[in-house]
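Reader: I'm new to reading protein structures. Can we walk through one together, feature by feature?

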Amino acid sequence: MGKPSDLIQGTLDLLILRTISYQPKHGWAIAKRIEQASEEALQITQGALYPALHRLEQQGWIRASWRKTETGREAKFYELTRAGRAQLQKELAQWQRLSNAVGMVIGMAEE
Amino acid sequence: MRRWDIFRLRLRTLTRRARVDHDLEREMRFHLDQQIEENLASGLPPAEARRAALRRLGGYTQIQEECRDMRRTDYIENLWRDLRYALRMLAANPGFTIVIVLTLALAIGANSAIFSVIDGVLVRPLPYPDAGRITRVFFHSADYPRFPLNPFDFRDFRARNRSFESFAGFTRGDLQLSGVGRPERFTGFRITAGFFHTLGLQPARGREFNTNDEIDGNGHSVLLSDRLWRNRFAADPHILGRTIVLNAEPYAVVGIMPPGTEHPGNEYHGVAHGKTVDVWSPFTFRGNPNQRGSHFLEVIARLKPGVTASQAQAEMNALIAQLAREHPDALEGWQALVIPLAEEIVGPSRPLLLVLLGAVGLVLLIACANAANLLLSRATVRRREVAVRAALGAGRSRLVRQMLTESLLIAALGASIGIVIAMAGVRALVALLPADFPRADTIHVNAAVLAFTAAIALATGLLFGLAPALQAIRVDLNDSLRDGGRGSTSGAGALRLRNALLVGEVSLACILLIGAGLMLRSFVNLLRTDPGFRPEHLLTANLSLPYKTYKPSDMIHFWSRLDASLHSVAGIRAAGIGTDLPWTGWDDNIGGLTIEGKKPPAHEMFHARYHDASPDYFRAMGIPLVRGRFFNDGDTIKVPLVMIINQAMATRYWPGEDAVGKRITFEDHPKEADWMTIVGIVGDVKDRPNSPETQNSMWWPIEQSPVDVDQMAVALRGSSDPALLVNDLREAVRQLDPTLAIADIRPMDNIADANISTPRFGLFLVSLFAVLALTLAAIGIYGVISYSVSRRTHEFGLRMALGANSGDVLRMVLRQGIRLALLGIALGLAGALVLGRILMSLLYRVHAADPATFALAATVAVAVAALACYLPARRATAVAPARALRSE
């Protein structure tokens, strides 16, 4: 169903929050930005992206509004809310802990 | 802030659905366009660029659906859809809908009505602040479970106890108002200081009594009820401090109680709980504090915070032991009894109310079983529909949710009609309630009742909806789609479930039927038992003579003149005057009799209730003479004292002897003149209508009475409607003393009737519920058998084609139904044996396992079951074989 099975559950949320934390972006730009930043390692399908955006909006972490793009077209832009910014910090910390922990386990296995 | 955002978003999703969908579409199109542009930029031809972009986007509908899911409003949207669907289904099957909704409405309405009564009577706190701390304090012994206190004992307890915040006494003291319109006697109490303080009440105007008012000689002040103040004194605000004439003496009005003031109810010369009392005067302590034999002061006391009734009772017992050392003869054999006031007021009604709640609960269970059965039969019909929906991708939980929505909607419809039934039912119930039923005026359909109704609607909806819903999704898709809902394997499971429900409801109905049968037999026994007097054609009234205008000897004279003038009235067959009427709570006890030549058993005293009676009192009451003679005009103060006793006393104290001619005295060292000779034995009058017990009783002729005869009851036996005698009585009294009030004028029938109204009330309701239960069970049987017949049409056709005649088919169907019914009845009988114990306290001379009742109930249940089976069975035999075979 287009769910990012190769991404750890919840990671997509973190990526989206992080991606729009600098400036508001529309869905297309978010997907592109994640792909570029990960050097094409992470492919975000629309089927995963838009439900995630709607869920985040529904939870009050992000806010959507219709704005003009550089090319003058109307697009739905997403930006972080205050609560979303706090949530991002929390998720970042969590991710750090998780990746450290995973790294430690992997490192141990090599010995 | 975040919550507000979330709320706004969801509201928008719900209310502006088209807009939200449009936004999503625009968003997707933008994304698609970007993708196409990118594809074009990478050199693809336009058509290919577009195709590739669409391919990457994936299923738009799916994304849309998922986004919608993410918006979390799908629950509500689905619910709305399910509701509309359910409504359509219900509207499409009006017969089904009406039966199921009305069944539930009746059951839920009955439950809500009974719950209203329970809530008003048992649950809601009494109308006193912090009522949980108010208790009643009694003396207690084996012979007298609840006995009033002696005033001087009371005063010592009040001074010495540490358990109670306040401790007050009260005793009946009606007051006769004259000088303002027609003389009238008002129900009154003499109360000690702090009586209202103990209840947590205070006068609306003025003050309540203090210890200064308790001093002998100070007692001439009075508190009036709001009702009396308004009715007789036109709500005159200047009445405080004024003097009114009560019992021919001046009383100063010191206060007016507020409108809601409720008497806590009492035992001795009892007045029921409620707004039943109109005047309160101070209780004054008179006489010698060392003579503590007479007990007539009842006690109400407020526990200190944190003290329990049993702790207080333990302290009271310790105080009794302490006082018994100071007054050795007075407190011998007594214990204290401390009971919460609520328990005292509503305790006696609790068993009946709980039985009613249980009965009505069973009706609800039966209604649920019926509803489940109906839904199951329809679920079978709808198997194909369910299968199609499942095939189209509806998840199981989604299907269950939809089925439950339907059952909850049915329950909600039932509950809404049920509430209307409950409102009407509560009004009817309150009207039916016996007059002395406690707290009838607090019974209303209120928020608690509505909440209860909503809760049982939810519970019933889940209860009767869950099984059919789970059954429905256990369909085998292939089977159902192929054969269109007939004869597939999953039908067997449903049938088993339906049979189990049927057995269950028959057993519950049987339990109710037995309960109603037991109560009916008990009630018939009550009606059949001889009360010991004849209440028909008997007019009764109470009179009291003020001490101010009558010396004790004048009182005796007054009664004999009244007796004589009543005897001369045409139409009066017998006129009697006596201290007591049966079943009115007016009686006095005396202990420590001395019987010539006999010794009481250790730690016991000879005792009896004492009364005064005119020569014709027994004839007027219809109390038969067993031996000896009635009193006559010769039994005056100038001749040796005589007395009449009841049969109970004769057999208890003179077993195997003739009591007539034996002698009794109250004196410990009697002179010859102190002895009273028994001249007659009269039949027993039962103490209470619903108990076979009769206490020892004895009567003195009024002329020889050793106690003052200021209060008397008059009994006039006519030959027809006793109301015709009222004017004769008024006239006779008026001629002797126009200032006297005649109180409690009523036919003895009313008194006797009021005393059996509680069991009649219980019987009526339990019978009503039993009939309801039996009807529902019959509908259930009918439904199950009809369904099974319709399922087996093919089989019956085949059998008949092969030579079975219609009798064979009829028997086959009947056997199937009756077998289930018999199983249910067997379970019901067993259940009734277990549950019968609950009824025990409500039954009079019927054992809770009465074989006749059980047999009769079983017979009725079998008959109803047979009838319910017969109708569908008949239909089975009417099947034309050819058509049945073709119907496949």
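Reader: Let's start small. Which backbone oxygen lies 2.6 Å from a polar atom of the side chain of Ser21(A)?

Author: A polar contact is a pair of N or O atoms within 3.5 Å; within protein, one must be able to donate a hydrogen and the other to accept it, and residues adjacent in sequence count only if both atoms are side-chain atoms. Here the partner is the backbone oxygen of Arg18(A). Before we go on, some ground rules: this is a predicted model, where local features need pLDDT of at least 70 and side-chain atom pairs count only at pLDDT 80 or more, while totals for chains, interfaces and linings use all residues. Residues are numbered from 1 along each chain as its sequence is written, chains are lettered from A and ligands numbered from 1 in the order in which they are written, and side-chain values use heavy atoms, leaving out hydrogens and water.

Reader: Okay! Where does Ser21(A) lie, and is Ser21(A) buried or exposed?

Author: Look in the loop between helix 1 (11-19) and strand 1 (25-26) of chain A. Helices (H or I, at least four residues) and strands (E, at least two) are DSSP runs, numbered from the N terminus. Buried means under 20% relative accessible area, exposed over 50%, and partly exposed in between (1.4 Å probe, protein chains only). Ser21(A) has a relative accessible area of 12%, so Ser21(A) is buried. Not counting residues up to four places away in sequence, Ser21(A) touches Leu80(A), Arg85(A) and Leu88(A); contact means heavy atoms within 4.5 Å.

Reader: How many helices and strands are in chain A?

Author: Chain A has 4 helices and 3 strands, and along the sequence they follow the pattern α-β-α-α-β-β-α. Of the 111 residues in chain A, 43% are buried. Among contacts in chain A with a separation of 6 or more, 49% are between residues 24 or more positions apart.

Reader: What about the outside? Which residues of chain A make a nonpolar surface patch?

Author: Patches are made of residues with over 30% relative accessible area and no salt bridge: like charges are joined within 9 Å, nonpolar side chains (Val, Leu, Ile, Met, Phe, Trp, Tyr) within 5 Å. Accessible areas come from the Shrake-Rupley method with a 1.4 Å probe; for residues, only the protein chains shown count as cover. In this case Trp95(A), Leu98(A), Val102(A) and Ile106(A) make a patch of about 330 Å². Trp95(A) belongs to helix 4 (residues 82-110) of chain A and is partly exposed, at 31% relative accessible area.

Reader: Now the two chains. How many residues of chain B are in contact with chain A, and what area is buried between them?

Author: The size of an interface is often given as the accessible area lost when the parts come together. Buried area is the accessible area (1.4 Å probe) that two parts lose on being put together, summed over both. For chain B and chain A that is about 2800 Å², with 53% from carbon and sulfur atoms. On the contact count, 24 residues of chain B meet 29 residues of chain A.

Reader: And how many salt bridges are there between chain B and chain A?

Author: Side chains of opposite charge can pair when their charged atoms come close. A salt bridge is a side-chain nitrogen of Lys or Arg within 4 Å of a carboxyl oxygen of Asp or Glu. Between chain B and chain A the count is 4. Arg73(A) and Asp33(B) form a salt bridge, with their closest N and O atoms 2.7 Å apart. Helix 1 (2-15), helix 2 (17-41), helix 3 (46-57) and helix 4 (60-70) of chain B each give at least two residues to the side that touches chain A, and helix 2 gives the most, with 11 residues. There's also a salt-bridge network linking Lys68(A), Glu74(A), Asp23(B) and Arg26(B).

Reader: How many salt bridges does a search of the whole structure find?

Author: Over all chains, 47. In one of chain B's pairs, Glu657(B) meets Lys598(B) at 2.8 Å, N to O. That pair links distant parts of the chain, 59 residues apart. Glu657(B) is partly exposed at 40% relative accessible area, and Lys598(B) is partly exposed at 25%. Now look at Arg799(B) and Glu795(B), whose closest N and O atoms are 2.9 Å apart in a salt bridge. Both sit in helix 23 (residues 793-801) of chain B, 4 residues apart, about one turn of the helix.
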